[in-house]
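Q: I have a model open and want to go through its strands and its nonpolar core. Can you take a look with me?

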Amino acid sequence: MVFTTCSHVSSSGVGSGCLLNIAYNKQLPVCPSTTSPSVNKQGQSICRPPVDLCNADPNFRFDLSTSQDNNALTRIPIHSLLESTSQSIVVLDSTFSPSIPLPIRLGDINLDGFPDLMLIVADGGARTPKLLVSEPCAKGLAGCDQNGRSRRGFRLVHKDTESLEAIKDARGVAFLDLDEDGTLDILVQRTGAQGEGTVSLIQNNFYYDAFFLKAIVLNGACDGGWCSLPNGSTYLPFGMVDGLLLKWANCPRHLIMPFRCRMRS
C-alpha cells in the first residue's frame with residue numbers, strides 16, 4: 001500500500017513536509033519447499049505450502065505504526081526523492097470544488113517487475129510530471145538507509161524526459177498502454193495554461209524487451225471442439241487476434257496462445 005502524508009497542504013493543492021509511505025502486507029509466507037513443515041510444535045501456522053499459495057490468509061494486516069522496529073512501513077521524505085528541498089508535490093487538484101485528491105501513480109514502466117512512481121511536482125507556478133524508477137537499495141539512493149540497506153529505493157529519471165519536463169501545467173497523470181505494445185505509456189491531464197491542449201499522451205520509447213499479443217480465443221466452448229446448430233451443421237469456435245477473424249482447430253483446452261493452434265480458413 002502506497003500513500004502520501006503531508007504536514008500542510010496549501011489552497012492550491014501543494015503539500016509541504018510530505019512523506020511517501022510504503023506499507024508492506026504482512027501475512028503467512030510461502031514455505032521454502034513442499035517438504036517444509038507448515039506448523040510449529042504448538043500447532044500454529046508458520047508458512048503456507050506452495051499448493052496453498054492461492055488460499056487467503058485471513059490474518060493478513062498492515063502495520064502503520066511509526067516505531068523504529070517496524071520494518072513493514074517505509075517512510076521516504078519527498079524532497080529526497082526529488083533531489084531538491086525547494087520542490088514539493090501536488091496532492092490536490094484545486095480546480096474542482098471540493099478539491100480532488102491526486103494519488104501517486106504506480107506502474108512498471110521498465111518491465112522489471114517492480115512498480116515505479118509518477119507524480120506532479122510543484123516548482124513555483126509550474127506543475128511538472130516526474131518519473132521515478134524502483135531500484136535495488138544502494139548508498140545514496142532515496143528510500144535506503146545511510147548504509148544503502150532497505151527493501152527498495154527510487155531514482156528520479158533525468159535522461160530522455162524532455163517531453164515530461166516541457167509540461168508546466170499538469171493537473172493529473174496516469175499510466176496506460178496506449179499503443180498496446182506491452183509497455184506502459186503516460187497520459188497527462190493539463191489545465192491548458194500553456195496553450196497546448198488539456199491532454200498530452202507520451203509514448204514510452206525507453207524499453208522494448210516485451211512481446212505482446214492481444215487475443216480473445218473461444219476454446220472448448222462446445223463438446224469435442226465443434227459446435228452444432230439445430231439444422232445439424234457444425235462449426236468451430238472463432239478466435240479474434242488483432243482484428244483478424246480466424247477459426248481455430250486442434251487447440252488443447254489449456255492452451256491460451258492461439259498462434260500455436262492450427263488455423264482453418
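Q: Which residue in β14 is the bridge partner of Ala174?
A: Leu187 is the partner of Ala174. Keep in mind that this is a predicted model.

Q: How many bridges do β13 and β14 share, and in which sense do they pair?
A: They pair over 6 bridges, in the antiparallel sense.

Q: What sheet is that part of, then?
A: An open one of 3 strands, in the order β13-β14-β15 with antiparallel pairing. Its edge strands are β13 and β15 (199-202), each of which pairs on one side only. From one strand to the next, the twist averages 20°.

Q: Switching to the inside. Which residues have the most contacts within the largest nonpolar core?
A: Met118, Leu131, Ile186 and Val188, in a core of 18 residues. At least two residues of this core come from each of β10 (116-123), β11 (126-136), β13 (170-176) and β14 (185-190).

Q: What does Ile186 touch, leaving aside neighbours within four places in sequence?
A: Its contacts include Met118, Leu164, Ala174, Phe175 and Ile202.

Q: What other core lies apart from the largest one?
A: One of 17 residues, with Ile76, Leu117, Phe154 and Leu156 among them.

Q: Back to sheets. Why do β1 and β5 each have one side without a neighbour?
A: β1 (2-5) and β5 (73-77) are at the edges and have a single partner strand each, so one side stays without a neighbour in the sheet. The order there is β1-β4-β5, with antiparallel pairing.

Q: And what stands opposite Ile22 in β5?
A: Thr74. Strand β4 (residues 19-23) pairs with β5 over 5 bridges, in the antiparallel sense.

How values were computed
Residues numbered from 1 in each chain as written. Predicted model: local features only at pLDDT ≥ 70, side-chain atom pairs only at ≥ 80, totals over all residues. Heavy atoms only, no water. Core = buried A, V, L, I, M, F, W, Y, C linked by side-chain atoms within 4.5 Å. Buried < 20%, exposed > 50% of the residue type's maximum accessible area, 1.4 Å probe, protein only. Helix = DSSP H or I, 4+ residues; strand = E, 2+ residues; numbered from the N terminus. Contact = heavy atoms within 4.5 Å. Pairing = 2+ DSSP bridges. Axes fitted to C-alpha atoms, helices over the stretch in contact; angles between N-to-C directions.
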